Amino acid sequence: MGRILSPGKFELWTGCMFSNKTIKMLARKAQINYSVYNSLLIGSGRDTRYAENESEINLLKSHPGSTLTYKEKIIRISDELPEKIIEYINEAKNKKIHAVFIDELQFFSGKTETSIGIVRVIEKLLKEMDMHVFGNGLNLDYRQNYFGQMKYLIDMADEVHYEYATCELCRNMEARYGFRKKPLEELVVAGGKDLYGVACGKCYEKYTYEGVLKKQNNS
Ligand SMILES: [Zn+2]
């Protein structure tokens with residue numbers, strides 16, 4: 001019989017937008033909620049996309065129109081200071097935390113002058129605090145470059161679940177690339193279906209602005 005938690009294990013769900021990474025992670029959290037273990041759900045301070053008002057900022061909600069819906073209490077931590085995750089757990093000393101779930105890992109910073117970075121934070125949670133860490137994040141940005149620290153986090157994970165979405169252009173179920181529907185100057189803009197679409201490899205190359213441009217540059 002497998003154990004529900006393994007201290008020191010890092011499990012990661014990754015893939016493009018709309019691939020249900022978050023809900024798959026939350027399904028694991030639901031199992032733990034019914035066990036003797038305590039867990040926390042942490043998210044980026046940047047990602048308040050689906051909050052309809054101030055009181056909903058501390059909720060993690062599914063996107064409007066999603067067929068799978070959820071609403072979970074979430075602790076929002078500044079992207080630039082991921083060590084606040086450790087501080088938060090240390091402050092909650094009266095309650096032993098066994099597992100941490102981190103949503104949208106791609107938003108958290110790497111090492112900077114003022115921060116040890118998300119990779120080191122997860123290492124500490126695993127090795128020094130004996131946690132089972134679960135996380136999810138977009139592997140690639142819309143130009144197919146690794147998003148934030150995801151490359152290192154994927155390398156580091158003990159178990160990686162790659163998730164796929166339905167291609168918006170041909171409807172096959174192998175979409176793994178995001179693309180932008182409108183040109184924008186900033187690289188990181190959190191948005192929903194109005195701003196981003198997902199495509200399979202063939203459609204990305206054939207029909208999206210970045211895909212066509214990439215092909216031209218490579219030939
Ligand atoms: Zn397609």
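Glutamate 11 has glutamate 159 as its bridge partner in S8. That strand S8 is a DSSP run (E, at least two residues; helices are H or I, at least four), numbered from the N terminus. The model is predicted: local features need pLDDT of at least 70, side-chain atom pairs count only at pLDDT 80 or more, and totals for chains, interfaces and linings use all residues. Residue numbers start from 1 along each chain as its sequence is written.

**The sheet**
- Strand S1 (residues 10-15) and S8 run parallel, joined by 5 bridges; two strands count as paired if DSSP finds at least two bridges between them.
- The open sheet has 6 strands with parallel pairing, in the order S5-S2-S6-S7-S1-S8.
- Its edges are strand S5 (75-77) and strand S8 (159-163), each pairing on one side only.
- On average, neighbouring strands here are turned by 20° against each other, direction ignored.

**Helix H3**
- Helix H3 (residues 117-127) packs on the sheet and touches S1, strand S6 (99-102) and strand S7 (132-138); contact means C-beta atoms, placed from the backbone, within 7 Å.
- H3 makes about 155° with S7 in direction, using lines fitted to C-alpha atoms (for helices, over the stretch in contact) and N-to-C angles from 0 to 180 degrees.
- Ile118, Val119, Val121, Ile122 and Leu125 of H3 are buried, with 20 or more other C-beta atoms within 10 Å of their own (exposed is 12 or fewer, partly exposed in between).
- Those residues sit on the same side of H3 because they cover an arc of only 165° around the axis, taken from the directions from the axis to the C-beta atoms.

**Whole chain**
- The protein chain has 6 helices and 10 strands.
- Of its 219 residues, 32% are buried.

How values were computed
Two residues are in contact if their C-beta atoms, placed from the backbone, lie within 7 Å.
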